Amino acid sequence: MVVGSGAGGGLIAGELAARGRRVLLLEVGEHRTAADFVRWEAKANRDLWWPVTRAVPALGGGQAVTLFRGRNVGGGTTINTKVGLRAHSEDFEKWFAASGLLGGGGEPFGEADIAPYYERVEAALGIRKRTDWQQCVATVEPGFAALGATLEPVDSYTDANCMRCGSCLQGCPTNAGKGTLNVYIHPPWASGQLELRAGCEVRRVLIDGSGERPRASGVEFLDPSGESQRVEADVVVAAAGTLGTPGLLLRSGVVQLAGDSPSAAAIGANLGFHPSRLVFGLFDEIQDAHRVYPITAHCMTHQRDADGGFIVEASTIMDPIAFATAVCDEQGAPLWGQELVDVMRDYRRFTGLLVMINDENNGRAYVDEHGHDRYASNFAPSEVERIDAGLAFTRNVLTAAGARRVLATQLFTTHVQGSCRMGSDPARAAVDANCESYDVAGLFVGDGSLVPRTLSVNPSLTIMALALRLADHLDGATHGYFG
Ligand SMILES: Cc1cc2nc3c(=O)[nH]c(=O)nc-3n(C[C@H](O)[C@H](O)[C@H](O)COP(=O)(O)OP(=O)(O)OC[C@H]3O[C@@H](n4cnc5c(N)ncnc54)[C@H](O)[C@@H]3O)c2cc1C
Ligand code: SF4
């Protein structure tokens with residue numbers, strides 16, 4: 001039983017089904033395909049995205065973060081921009097420091113432990129370099145050079161059918177954009193090997209608490225007609241995403257069954273945002289940064305914490321509704337009235353840079369007194385410093401490139417990670433190095449919430465590599481749950 005069909009869950013379910021395991025994949029979002037995807041922003045937001053929510057500062061002050069994520073078969077991978085990067089060695093050092101995560105040889109988990117999984121996922125997705133930079137990248141490149149930084153082509157899971165239409169966030173209409181939907185889920189689903197049920201909201205994991213150790217026995221879910229259903233399973237993989245899995249486990253009573261163990265306390269803790277901003281420069285020439293493959297280039301000059309702790313991607317601008325609702329003035333206040341009208345008249349002359357910051361996983365996912373998912377942000381001074389430095393650098397790039405005006409969004413994220421982190425130390429991690437709950441036998445986590453510390457790169461490739469590693473573990477059956 002796999003809950004959630006995104007980068008993690010979609011891969012695990014598809015892989016195991018293709019190997020002949022009997023898998024039920026439950027997804028709350030709808031099952032849509034390239035034939036349904038049209039560049040109609042508001043419709044895609046309703047059909048393919050979760051309603052926008054926010055992480056609000058835990059202690060009243062500080063910065064909120066707007067949270068974006070996919071809600072469909074394929075999850076975030078159906079509506080993302082397909083940048084597929086491996087983690088940096090410094091990221092793995094942070095993982096070990098955070099949760100004591102060990103690799104196969106008993107040493108701190110490192111590149112060698114994940115490299116074979118990266119290779120297999122990269123091959124399946126057809127990762128390639130995007131060297132087809134358009135005008136909007138050429139415009140900003142001199143700005144990076146002026147600041148002693150370089151732009152490089154990104155690695156991306158898009159094939160040669162990409163027509164640079166710019167509608168990745170509404171689902172790729174050509175299937176050039178890869179994801180778990182068209183790479184891992186559809187092949188076994190189309191051949192009848194995988195049972196997929198869309199429109200099914202899993203409410204809780206069923207846990208048998210009668211034995212020595214609590215044991216997952218299935219799930220309870222609402223089917224598309226709203227009827228409550230129960231299904232039994234040998235193994236449950238919670239892959240509802242970094243923002244969904246903690247609430248699912250908390251509502252299932254894991255903390256109470258675990259007697260408030262430290263590992264249960266890690267459920268929902270350590271939420272990382274990879275907080276981001278789009279920063280827009282207004283140029284004299286038409287940029288049409290909405291009609292390109294969104295991210296062909298990136299600047300990794302400041303990737304390591306010691307070098308600033310942020311990366312910048314170039315160049316894109318959201319579609320008009322998102323741009324108009326997100327763009328802020330130089331003081332960070334949303335634009336309104338005539339000023340917004342004037343900015344929108346110049347829409348085609350803007351190009352945008354996406355700056356993403358290394359954070360320290362100080363956020364939290366929790367369930368309120370009504371049983372609803374809630375999120376808190378809580379940035380430390382060192383994180384705020386990096387956030388400010390990233391914004392200042394990106395503004396300076398655009399100014400150096402000749403922008404007449406520079407505007408930006410508030411903080412948002414599409415890269416949440418870490419809310420049920422894996423580790424070899426149960427005092428600091430929710431699940432063990434095999435992704436199994438320390439508190440409930442047969443309950444595995446298989447999504448971005450595993451990542452022990454926020455990566456300095458876009459996370460989907462790493463989430464998929466960890467998911468493939470979990471699929472191998474489950475299929476290997478040394479755990480003994482498959483009878
Ligand atoms: C706009 C956007 C652009 C992005 N661009 C990139 C990029 O270029 N490169 C990159 O590496 N990453 C990118 N990402 C991030 C990447 O897509 C995510 O990190 C990744 O998809 C997370 O995988 P996941 O399995 O943790 O969760 P998700 O992919 O979010 O999947 C979780 C799934 O679980 C479902 N679910 C939740 N709760 C329940 C429930 N109770 N019952 C049943 N189903 C449930 C959800 O509907 C969802 O489909 C982007 C994300 C967004 C939103
Ligand atoms: S830009 Fe390329 S990958 Fe993105 S939606 Fe268009 S064809 Fe697909």
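This report covers a helix pair, two sheets and the surroundings of a ligand in a predicted model.

**Ligand 1**

Ligand 1 is surrounded by 42 residues, and the closest of them are Gly4, Gly6, Gly75, Gly76 and Ser460. By class, this shell holds 15 nonpolar, 21 polar and 6 charged residues. Four elements each supply at least two residues of the shell: helix H1, strand E2 (23-27), strand E9 (201-208) and helix H13 (460-476). Helix H1 and the strands E2 and E9 come up again below, in the helix pair and in the sheets.

**Helices H1 and H6**

Helix H1 spans residues 7-18 and helix H6 spans residues 180-190. Their axes lie 8 Å apart, and the two helices pack at an angle of about 30°. Because angles under 35 degrees count as roughly parallel, H1 is described as roughly parallel to H6. The crossing of the two helices is left-handed. On the H1 side, the contact is made by Ala7, Gly10, Leu11, Ala13, Gly14, Glu15, Ala17 and Ala18. H6 contributes Thr180, Leu181, Tyr184, Ile185, Pro187 and Pro188. Sorted by class, the residues of this contact are 10 nonpolar, 3 polar and 1 charged.

**The sheets**

Strands of a sheet pair through backbone hydrogen bonds, in either a parallel or an antiparallel sense. The table sets out two open sheets of this model.

| Strands in sheet | Strand order | Pairing | Edge strands |
|---|---|---|---|
| 5 strands | E8-E2-E1-E12-E21 | parallel | E8 (194-198) and E21 (443-445) |
| 3 strands | E9-E10-E11 | antiparallel | E9 and E11 (228-232) |

In the sheet of 5 strands, the edge strands E8 and E21 each pair on one side only. Within the order of this sheet, E1 stands between E2 and E12. Strand E1 (residues 2-3) pairs with strand E12 (residues 236-238) in the parallel sense, over 2 bridges. Val2 has Val237 of E12 as its bridge partner.

In the sheet of 3 strands, E10 stands between E9 and E11. E9 and E11 each have a single partner strand, so one side of each is left without a neighbour in the sheet. From one strand to the next, the twist averages 25°. E9 and strand E10 (residues 215-222) run antiparallel and are joined by 7 bridges. Val205 has Val219 of E10 as its bridge partner. E9 is also one of the elements that supply at least two residues of the shell around ligand 1.

Notes:
Residues numbered from 1 in each chain as written. Chains lettered and ligands numbered in written order. Predicted model: local features only at pLDDT ≥ 70, side-chain atom pairs only at ≥ 80, totals over all residues. Axes fitted to C-alpha atoms, helices over the stretch in contact; angles between N-to-C directions. Parallel < 35°, antiparallel > 145°, perpendicular 65-115°, else oblique. Left-handed = near helix turned anticlockwise from the far one by under 90°. Contact = placed C-beta atoms within 7 Å. Nonpolar A, V, L, I, M, F, W, Y, C, P; charged D, E, K, R; others polar. Pairing = 2+ DSSP bridges. Near = placed C-beta within 6 Å.
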